[in-house]
Amino acid sequence: MVKIAVLGYGTVGSGVVEVIRTNQKVIGERVGEELSVKYVLDLRDFPGDPVQDVITHDFEDIVNDEEVKIVVEVMGGIEPAYTFVKRCLLAGKSVATSNKALVAAHGSELIRIAKEQEVNFLFEASVGGGIPILRPLHSSLTGDVIEEIIGILNGTTNYMMTKMFYEGADYDEVLKEAQANGYAERNPEADVEGHDACRKIAILSSVISGKQVDFEDIYCEGITKITVQDMQYAKAMGKTIKLLATCKRDGDSISAMVSPCLLSADHPLFSVNGVFNAIFVRGNMLGDAMFYGSGAGKLPTASAVVGDIVEAAKNLNRNLGNGWIGEKLELEKKDNVEHQFFVRMKGDREALQESLAQSFGDLAYVEVPGIEGEFGFVTEVMSEGLFEQKAAAYEKDMIAMIRVEG
């Protein structure tokens, strides 16, 4: 029997216990022996819940119990999760976590400790929630050089963008609706400012590069400035707007970014709507592949965590070698990254057309019936730095800029 402990009995923690109890027989068959929850750590008691029989309020019960071979961390945040996970690894226990903040901040150190202790630090659920992505990268695609990852990695913002695009609702309206439906927190900053997606693409960038990518080094722009008018322009161009997290390889350099982007109808991420997430991967041998599903939620996330538990249970006292080293990867400077750019501009198009062409090259103009006193255009492909240099001359008249992907 393999005994485990769960740190935290919130949404995901209760989901992990539920998945193990519901699917205990099949999980046992896959592990080769029964999996049993010996402890659940929480500050609260749960009278009437069967979990009360295994509740402990003292972490020391878990870290000092040699019978516990695998610990599940689903507390969230950095502390005390970091301290608890580190102590468990040092005590020779494998750890599975869904905590993206922890993995993004301390992943390389915890991976190193796990290797030294011949145990495993697994974090499938920290990136795609219920979408399997790390295990395919580590196992199925080990023969490929991953050239590009583009992801819709946050269900809250994708829900909001979908509502704004299809229903014409404004940002404040859809945010309130997302909060009312439980898709957005009372303080939605981590989602709407792109920080959640940024941590996830930092983890993916670390995985494919084999080095530490600090999320603080990634340019991150959220959806708070996207308007109904932006969506109207997108429709006029046959495109939509999504918050994308991207990681791209160009020779020996890797760039990463989080920002709203315009997608054409033929892009594989165009039709990913609502709270669903998707991750597009391009390998130099595989070509294109996409992973799609529930990026969050109690049972989808718990399912990914339990997948890691099974992997750890099948490999007790043997490190799988997954992860990255602590050496920091220097990302390509944002100024050197190339895109097309969609721009909304105040004023008369005919009066500005010659000047704009001299600055931005051959432009594709866009006008939307009913939107007066402005127009839009899409630039040629150019670097971020060159665009910012050219755009400075039109700062007073520029209403908005959105990158065009693909």
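Which residues line the largest cavity? In this predicted model, the lining is made up of Phe-121, Leu-122, Phe-123, Glu-124, Leu-134, Arg-135, His-138, Asp-308, Glu-311, Asn-322 and Gly-323. The volume of this largest cavity is about 130 Å³, and a search of the whole structure brings up 3 cavities of 30 Å³ or more. Strand E6 (121–122), helix H7 (134–140) and helix H13 (298–314) each contribute at least two residues to the lining of the largest cavity, with the largest share, 3 residues, coming from H7. Sorted by class, this lining holds 4 nonpolar, 3 polar and 4 charged residues.

The second largest cavity encloses about 50 Å³ of space. Around it stand Ile-111, Ala-114, Lys-115, Asn-120, Phe-121, Leu-122, Asn-319, Leu-320, Gly-321 and Asn-322. Phe-121, Leu-122 and Asn-322 thus appear in the linings of both the largest and the second largest cavity. Helix H5 (100–116) and E6 each supply at least two residues of the second lining, and H5 gives the most, with 3 residues. Here the classes divide into 5 nonpolar, 4 polar and 1 charged.

Helix H13, met above at the largest cavity, also packs against helix H2 (residues 24–31), at an angle of about 35° and with the two axes 9 Å apart. The crossing of these helices is right-handed. On the H2 side, Ile-27, Arg-30 and Val-31 meet Val-306, Val-310, Ala-313 and Lys-314 of H13. By class, the contact has 5 nonpolar and 2 charged residues, with no polar ones.

Turning to the open spaces, the largest pocket holds about 1,200 Å³. Its lining counts 41 residues, and Lys-100, Glu-185, Asp-196, Ala-296 and Gly-297 lie nearest the centre. Two or more lining residues come from each of helix H1 (11–22), H5, helix H6 (125–128), helix H8 (155–167), helix H10 (189–192), helix H11 (195–209), strand E11 (276–283) and H13. In the lining of the largest pocket, 14 residues are nonpolar, 19 polar and 8 charged.

The second largest pocket contains about 520 Å³ of space. Among its 22 lining residues, Tyr-219, Glu-221, Lys-225, Ala-400 and Met-401 are the closest to the centre. Helix H15 (384–391) and strand E17 (398–404) are the elements that give two or more residues to this lining, and E17 gives the most, with 6 residues. The lining of the second largest pocket divides into 11 nonpolar, 2 polar and 9 charged residues.

How values were computed:
Residues are numbered from 1 along each chain as its sequence is written. This is a predicted model: local features need pLDDT of at least 70, side-chain atom pairs count only at pLDDT 80 or more; totals for chains, interfaces and linings use all residues. Side-chain values use heavy atoms; hydrogens and water are left out. On a 1 Å grid over the protein atoms alone, a cavity is a set of points where a 1.4 Å probe fits but cannot get out, and a pocket is an open set with protein on both sides within 12 Å along at least five of seven lines; lining residues have an atom within 4 Å of a point. Grid points are joined across faces, edges and corners, and a volume is the space filled by probe spheres set on the points. Helices (H or I, at least four residues) and strands (E, at least two) are DSSP runs, numbered from the N terminus. Ala, Val, Leu, Ile, Met, Phe, Trp, Tyr, Cys and Pro count as nonpolar, Asp, Glu, Lys and Arg as charged, and the others, Gly among them, as polar. Axes are lines fitted to C-alpha atoms, for helices over the stretch in contact, and angles run from 0 to 180 degrees between N-to-C directions. A crossing is left-handed if the near helix is turned anticlockwise from the far one by less than a right angle, and right-handed if clockwise. Contact means heavy atoms within 4.5 Å.
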